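Q: Please go through the model that follows and explain, term by term, what each label rests on.

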Amino acid sequence: MKEEEIKLKWKSYSSHLTQFLQDLMMNQSFTDVTLVCDDGQEIKSHKFVLCTSSFVLKNMISSLPQTQNCGRLLWKGIKNQEMMSIIELMYLGKTEVNQERKEFFITAIKSLKIHEFSKVQAIDSVINDKQQQSPCKYEMKWENYSEHLLRMLQEMFKAVDFTNV
């Protein structure tokens, strides 16, 4: 006789994941990689967030020795200000960029091949001019961020070896 399955759905799952990633970013809990910017500033992060958001970072992190708990990645040409905005985009699905740094930011996200934005021909189409609120800020939003979060979590679980837990 076939066993009956029970299906459960967590209605607020996407908002829970969003809050979870925001907490991870703010508290820097469980960080396992350090990004060193061109200006010497360091940003602690999580490999799974970086790998699931950027093709380039995934390749770099995959090449780190498996025994290395906290790798350090040096970024030539990307200053702390741009990297912090990129990190916010990866963790929160949105960020704000100062007008005078906009071109540097766009160059940085193109060089890192951030998933959603590596497919966009004209990156200006995903940057909202916030001049009504602030004359020197641009807001960037990752439109399919909830879907990205779910894929990120699925990919993270595929990589975990539960036999040794």
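A: This is a predicted model, and a salt bridge is a good place to begin: the side chains of glutamate 42 and arginine 72 meet in one, with a distance of 2.5 Å from N to O. Glutamate 42 belongs to strand 2 and arginine 72 to strand 3, so the pair ties together parts that are 30 residues apart in sequence.

Q: What makes the contact of glutamate 42 and arginine 72 a salt bridge?
A: The label requires a side-chain nitrogen of Lys or Arg within 4 Å of a carboxyl oxygen of Asp or Glu. The N to O distance for glutamate 42 and arginine 72 is 2.5 Å, and therefore the pair meets the cut-off of 4 Å. As general background, side chains of opposite charge can pair when their charged atoms come close.

Q: Why is glutamate 42 called partly exposed?
A: Its relative accessibility is 43%, and the class lies between the limits of under 20% for buried and over 50% for exposed, so the label follows.

Q: How many salt bridges does the structure hold, and which residue does arginine 101 pair with?
A: The structure holds 2 salt bridges. Arginine 101 forms a salt bridge with glutamate 82, where the closest N and O atoms are 2.6 Å apart. This pair links distant parts of the chain, with arginine 101 in the loop between strand 4 (94-98) and helix 5, and glutamate 82 in helix 4, 19 residues apart. Both arginine 101 and glutamate 82 are buried.

Q: How do you know that strand 1 and strand 2 are paired, and in which sense do they run?
A: Pairing asks for at least two bridges between the strands; strand 1 and strand 2 (residues 42-45) have 4 bridges, in the antiparallel sense, so they count as paired. Threonine 34 stands opposite lysine 44 in strand 2. The hairpin of these two strands has 5 residues between them, and glycine 40 takes a positive phi near 90° there.

Q: What joins strand 1 to strand 3, and how do the two run?
A: They are joined by 4 bridges and run parallel, strand 3 covering residues 71-74. Threonine 34 stands opposite arginine 72 in strand 3, while valine 33 stands opposite glycine 71 in strand 3. Leucine 74, which also lies in strand 3, touches Val36 and Cys37, leaving aside residues up to four places away in sequence.

Q: What makes strand 2 and strand 3 the edge strands?
A: The open sheet has 3 strands in the order 2-1-3, with mixed pairing, and strand 2 and strand 3 each pair on one side only. Neighbouring strands of this sheet are turned by 25° against each other on average, direction ignored. Helix 4 packs on the sheet, touching strand 1 and strand 2, and its direction makes about 15° with that of strand 2.

Q: Which residues show that both faces of strand 1 are covered?
A: Val33 and Leu35 on one side, and Thr34 and Val36 on the other, are all buried.

Q: How do you know that the length of helix 4 agrees with the expected span?
A: At 1.5 Å a residue, the 13 residues of helix 4 (residues 80-92) should span 18 Å, and the end C-alpha atoms are 17 Å apart, which agrees.

Q: Why is helix 4 described as mostly covered?
A: Of its 13 residues, 10 are buried, and buried means under 20% relative accessible area. The buried residues include Met83, Ile86, Ile87 and Leu89. Helix 4 is followed by glycine 93, whose phi is positive, near 80°.

Q: Why does phenylalanine 30 count as exposed, and what is its phi?
A: Phenylalanine 30 has 73% relative accessibility, and the cut-off for exposed is over 50%, so the label applies. Phenylalanine 30 is in the loop between helix 1 (13-27) and strand 1 (33-36), and has a positive phi of about 60° although it is not a glycine.

Q: Why is lysine 113 partly exposed?
A: Lysine 113 has a relative accessible area of 43%, and partly exposed lies between 20% and 50%, so the value fits that class. Lysine 113 is in the loop between helix 5 (102-112) and helix 6 (115-118), and its phi is positive, about 50°, although it is not a glycine.

Q: Which elements have the lowest and the highest mean pLDDT?
A: Strand 5 (residues 127-129) has the lowest, 53, and strand 2 the highest, 92. The chain averages a pLDDT of 77, and 72% of the residues score at least 70. Where pLDDT is low, the predicted coordinates should not be read in detail.

Terms used:
Residues are numbered from 1 along each chain as its sequence is written. Side-chain values use heavy atoms; hydrogens and water are left out. Buried means under 20% relative accessible area, exposed over 50%, partly exposed in between (1.4 Å probe, protein chains only). The expected span of a helix is 1.5 Å times one less than its number of residues. pLDDT is the predictor's confidence in each residue, from 0 to 100. Axes are lines fitted to C-alpha atoms, for helices over the stretch in contact, and angles run from 0 to 180 degrees between N-to-C directions. Contact means heavy atoms within 4.5 Å.
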